[in-house]
Amino acid sequence: MRKTVIVMLKEPRPGRVKTRLGREIGMGPAAQWFRLQALALLRRIRDPRWDIVLAVAPDRAGLQSRVWPNDLPRIPQGRGDLGVRMAVALRRSAPGPACVIGADIPRLGASQIAAAFSALGNHDAVFGPAPDGGYWLVGLKHPAQAPKGLFRGVRWSSRHALTDSLATLGTLSVAQIQSLQDVDTADDLHRVGAQHLLPMTAPKCRVRPNT
């Protein structure tokens with residue numbers, strides 16, 4: 001059975017993607033940063049060991065978008081909160097283990113994806129935690145058999161996201177792999193060294209070093 005990596009992608013429109021970052025550096029530069037970051041990530045994670053599927057939003061615009069690589073299959077994210085959309089994408093994936101990732105993790109590459117699938121060899125589920133209490137990856141060994149309440153009631157965009165998600169897995173065995181930082185703020189850009197993807201017009205002076 002094939003392994004599948006599902007990448008959650010929003011169309012990189014100003015004011016529709018990376019809005020927290022946009023409030024600091026401008027909505028246009030934030031959207032452009034996300035576009036460049038997502039494309040770089042897709043290049044890094046291409047690997048013959050798994051298939052990549054793009055879960056796009058908004059549905060119609062994402063399916064027709066010229067931004068994302070044409071050779072990668074696309075599915076619409078559909079309606080509902082993040083948990084609903086991720087659960088649907090997992091359940092509808094091809095037979096075999098599947099992982100869902102975000103596109104805003106600059107240090108994510110093929111080695112971390114491989115580690116996630118390796119963990120699924122001995123566990124029913126796997127998470128890649130983030131320092132803020134969320135996570136950058138979730139995977140299931142048997143996605144079609146996911147619990148009915150998967151990701152229901154999760155407090156997204158909070159320090160409780162990972163803990164809440166774990167609670168929806170019931171008796172499934174769970175592994176955790178390397179923690180990685182996503183990018184929501186200008187300070188996050190500095191922490192992961194991703195300022196080089198900012199357009200020249202972005203106010204880089206707002207990206208402050210840690211003190």
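This is a short talk on the fold, a few buried residues and some backbone oddities of one protein model.

Okay, before anything else: what you're looking at is a predicted model. Let's start with the whole chain and then zoom in.

Going by secondary structure, we've got seven helices and seven strands. If you read along from the N terminus, the order is β-α-α-β-α-β-α-β-α-β-β-α-β-α. The radius of gyration is 17 Å, close to the 17 Å from the globule rule for 211 residues, so the protein is as compact as a globular protein of that length. Put a box around the C-alpha atoms along the principal axes and you get roughly 50 × 40 × 30 Å.

What about the inside? Of the 211 residues, 53% are buried. And take the contacts with a separation of 6 or more: 65% of those come from residues 24 or more positions apart. On the outside, the accessible surface is about 10,400 Å², and carbon and sulfur atoms hold 51% of that. As for charge, there are 30 positive and 15 negative ones, and their mean positions sit 4 Å apart.

Now let's zoom in on helix H4, residues 82-91. Which of its residues are buried? They're Gly83, Arg85, Met86, Ala87, Ala89 and Leu90. That buried set packs against four strands you can pick out on the screen: E1 (4-10), E3 (74-76), E4 and E6 (135-140). There's a nice cap here too: at the N-terminal end of H4, a side-chain oxygen of Asp81 lies 3.0 Å from the backbone nitrogen of Gly83.

Next up, Ile45, which belongs to helix H2, residues 27-45. Its relative accessible area is 0%, so Ile45 is buried, given that the cut-off is under 20%. Who's around it? Once you set aside neighbours within four places in sequence, the contacts of Ile45 are Val5, Val7, Trp50, Ile52, Ile101, Gly109, Ala110 and Ile113. And have a look at Ala114: that residue is 69 residues away from Ile45 along the chain, with the two C-alpha atoms separated by 9.5 Å.

Then there's Asp104, in the loop that runs between strand E4 (98-101) and helix H5 (110-119). Is this one buried or exposed? Buried, with a relative accessible area of 11%. So what does its side chain pair up with? The side chain of Lys18, through a polar contact of 2.5 Å. Leaving out residues up to four places away in sequence, Asp104 also touches several others, including Trp33, Phe34, Gln37, Gln181 and Asp182.

Last bit: backbone geometry. Just as a reminder, most residues other than glycine have a negative phi, and most peptide bonds are trans. Here are three spots to check against that.

The peptide bond from Ala57 to Pro58 is cis, and its omega is near -10°. Pro58 is in the loop between strand E2 (51-57) and helix H3 (59-64).

The other two spots are in one loop. Phe151 isn't a glycine, yet its phi is positive, at about 65°. You'll find Phe151 between E6 and helix H6 (161-167). Ser157 lies in the loop between E6 and H6 as well, and for Ser157 the positive phi is about 55°. How do they sit relative to the surface? Phe151 counts as buried, at 2% relative accessibility, whereas Ser157 is exposed, at 80%.

That's the tour, thanks.

Terms used: Residues are numbered from 1 along each chain as its sequence is written. This is a predicted model: local features need pLDDT of at least 70, side-chain atom pairs count only at pLDDT 80 or more; totals for chains, interfaces and linings use all residues. Side-chain values use heavy atoms; hydrogens and water are left out. Buried means under 20% relative accessible area, exposed over 50%, partly exposed in between (1.4 Å probe, protein chains only). Contact means heavy atoms within 4.5 Å. A polar contact is a pair of N or O atoms within 3.5 Å; within protein, one must be able to donate a hydrogen and the other to accept it, and residues adjacent in sequence count only if both atoms are side-chain atoms. The radius of gyration is taken over C-alpha atoms; the globule rule is 2.2 Å times the number of residues to the power 0.38. Accessible areas come from the Shrake-Rupley method with a 1.4 Å probe; for residues, only the protein chains shown count as cover. Lys and Arg count as positive and Asp and Glu as negative; His and the chain ends are not counted. The place of a charge is taken as NZ of Lys, CZ of Arg, CG of Asp or CD of Glu.
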